[in-house]
Amino acid sequence: NFYTQFMIGDSILVAPVTTESTTQTKVYLPTSTTWYKHFNGTYSEQPAGDQTVDVPYDELPYFIKAGEVLFMQMKGQTTTLRQLEPFKIVILPNSMLEAEGILYIDEDLDNPVKYAVVKITFARDLITFSSIVYNEFSLVSDSGKYGDILVLGVATQVTSLTINGRDSKKFQYNQKSKELVIQSDSISETILDSFIIKMA
């Protein structure tokens, strides 16, 4: 309920199960926007308002506000190893088919003077990656790569794709789920590069 759910930042709402031996939880999703529910690695649109959701024992239910871009990275045993993991991108458009997200990354946790800010903007058929580097920030070797890019809510068939002007065939479109997956091995750019992906 309202007293046990909480926000992480301004875009992710977590609604933990607080009653023993139950697989349901109540959640209130603010009506100012639409939401996406994350479940077992998949995403689905979730109506706003009061509701009860089913939750398996091994899942922590959370919801993402529409209009957001998530940067996701697998955990590593150390900070250095984690830096080598690619950034998977999840784009969750709002009703205007727009989304935006920002990543801040620094070179040294103890002295974050050298850093970069990455902004991803989605608008209908364009994904724009803008990167600004401060104080000669640089990446550890083999780090800063992009993983797969998942775009939700793509209502029309995608038949062609260009990445920074290069034609790419390494994408999959699922018309039933309205999801587009751009495969990581088609993206040579890193998080320090500014570029555009265009869908048609």
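In this predicted model, strand β18 has two unlike faces: Phe195, Ile197 and Met199 form a covered one, while Ile196 and Lys198 form an uncovered one. The strand comprises residues 195-199.

**Partners of strand β18**

β18 is joined to β12 by four bridges, and these two strands run antiparallel. Within this pairing, threonine 128 stands opposite isoleucine 196 of β18. A further antiparallel pairing, over three bridges, connects β18 with strand β14 (residues 161-163). Here isoleucine 163 has isoleucine 197 in β18 as its bridge partner.

**Aromatic pairs**

The model contains five aromatic pairs. One of them is formed by tyrosine 104 and tyrosine 115, whose ring centres are 5.2 Å apart and whose planes stand at 35°, a tilted arrangement. This pair links distant parts of the chain, since tyrosine 104 belongs to strand β10 (residues 98-106) and tyrosine 115 to strand β11 (residues 115-123), with their positions 11 residues apart in numbering. Tyrosine 104 has 44% relative accessibility and therefore counts as partly exposed. Tyrosine 115 is likewise classed as partly exposed, because its relative accessibility is 23%.

Phenylalanine 129 and phenylalanine 195 form a pair whose ring centres lie 4.1 Å apart with planes at 5°, so the pair is stacked. This contact also links distant parts of the chain: phenylalanine 129 lies in strand β12 (residues 126-134) and phenylalanine 195 in β18, 66 residues apart. Both of these phenylalanines are buried. Phenylalanine 195 is also part of the covered face of β18.

Ring pairs additionally link Tyr104, Tyr115 and Tyr134 into a cluster.

**Strand β13 and its neighbours**

Strand β13 (residues 146-151) is mostly covered, with five of its six residues buried. Strand β9 (residues 87-92) is joined to β13 by four bridges, and the two run parallel. In β13, leucine 150 stands opposite valine 90. With strand β17 (residues 179-182), β13 pairs in the antiparallel sense over three bridges. Isoleucine 149 stands opposite isoleucine 182 of β17.

The following table gathers strand pairings described in this report.

| Strand pair | Sense | Bridges |
|---|---|---|
| β12 and β18 | antiparallel | four bridges |
| β14 and β18 | antiparallel | three bridges |
| β9 and β13 | parallel | four bridges |
| β13 and β17 | antiparallel | three bridges |
| β1 and β2 | antiparallel | three bridges |

**The open sheet**

Five strands make up an open sheet in the order β1-β2-β7-β4-β5, with antiparallel pairing. Strands β1 (6-8) and β5 (42-46) stand at its edges; each has a single partner strand, so one side of each is left without a neighbour in the sheet. On average, and with direction ignored, neighbouring strands of this sheet are turned by 30° against each other. At one edge, β1 pairs with strand β2 (residues 12-14) in the antiparallel sense over three bridges. Phenylalanine 6 has valine 14 in β2 as its bridge partner.

**A nonpolar surface patch**

Leu81, Leu84 and Val140 form a nonpolar patch on the surface, and together they have about 230 Å² of accessible area. Of these residues, leucine 81 is found in helix α1, which spans residues 79-83. Leucine 81 has 43% relative accessibility and so counts as partly exposed.

Key:
Residues numbered from 1 in each chain as written. Predicted model: local features only at pLDDT ≥ 70, side-chain atom pairs only at ≥ 80, totals over all residues. Heavy atoms only, no water. Patch = residues over 30% accessible without salt bridge, like charges linked within 9 Å, V, L, I, M, F, W, Y side chains within 5 Å. Areas by Shrake-Rupley, 256 points an atom, 1.4 Å probe, with all protein chains shown as cover. Salt bridge = Lys/Arg side-chain N within 4 Å of Asp/Glu carboxyl O. Buried < 20%, exposed > 50% of the residue type's maximum accessible area, 1.4 Å probe, protein only. Pairing = 2+ DSSP bridges. Axes fitted to C-alpha atoms, helices over the stretch in contact; angles between N-to-C directions. Phe/Tyr/Trp six-rings, centres within 6.5 Å; stacked < 30°, edge-to-face > 60°.
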